[in-house]
Amino acid sequence: MAHWRDAIGDGAASWFLHAERNIFLVYELCDTDKKGYLNREDLKMAVVMLFGYKPSKSETNMLMDQAQAKDSPGVCIEMFMCLMGKKLSSDDHYQQTRQIFNTFDVNCHGFLKLEDFRTAFSRVAPRLPERTVLEAFRLADQDSDGHVSFRDFECVISYGQANS
């Protein structure tokens, strides 16, 4: 029998592949002169594009120090991919959970209904049995009111991460 946590895992794997592509594309866009590396300004712009904020001077220094090869004037693609991949994977779990919740909440209600679960699971696991979707919803709807709040959702996701 398929388990609903397996479907979340498949979705997360797909998300990471998508993130890797985005990291590569951002590198290509920020290496404006096609010089084969990112300088400080390029790196700052890449962080803005990937994470939505301008890094501080100290964060930029730290990123440059970690990623810059000894004889290189900047950050090469391999180091950039590695560094941004680590940054993405260590990004705040709260933000990742919020992003998943918002993806489920297609109607922007601030809570999830059973229909939201059906829609989301039909996209990431179209062959998942209906009873498995119902089980997932019942587990997430901790107070059985027919709505899954972000807090309920966060508890379920945190439980799944702790037990995987």
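Visitor: What area does the protein chain expose, and which atoms supply 54% of it?
Guide: About 10100 Å², and carbon and sulfur atoms supply that 54%. Such areas come from the Shrake-Rupley method with a 1.4 Å probe; for residues, only the protein chains shown count as cover. Mind you, this is a predicted model: local features need pLDDT of at least 70, side-chain atom pairs count only at pLDDT 80 or more, and totals for chains, interfaces and linings use all residues. Residues are numbered from 1 along each chain as its sequence is written, and side-chain values use heavy atoms, with hydrogens and water left out.

Visitor: Why is V48 called partly exposed?
Guide: Buried means under 20% relative accessible area and exposed means over 50%, with partly exposed in between (1.4 Å probe, protein chains only). V48 has 32%, so partly exposed it is.

Visitor: What makes L29, M45, V48 and M49 a nonpolar patch?
Guide: Patch residues have over 30% relative accessible area and no salt bridge (side-chain nitrogen of Lys or Arg within 4 Å of a carboxyl oxygen of Asp or Glu). Nonpolar side chains (Val, Leu, Ile, Met, Phe, Trp, Tyr) are joined within 5 Å, like charges within 9 Å. Together these four have about 360 Å² of accessible area. Helix α2 (residues 40-51) gives the most, three residues. Helices are DSSP runs (H or I, at least four residues), numbered from the N terminus.

Visitor: How do you know that the buried residues of α5 line one face of the helix?
Guide: In α5, Q96, T97, F101 and F104 are buried. Seen down the axis, they fall within an arc of 135° (directions from the axis to the C-beta atoms), so they line one face.

Note on methods:
Helices (H or I, at least four residues) and strands (E, at least two) are DSSP runs, numbered from the N terminus.
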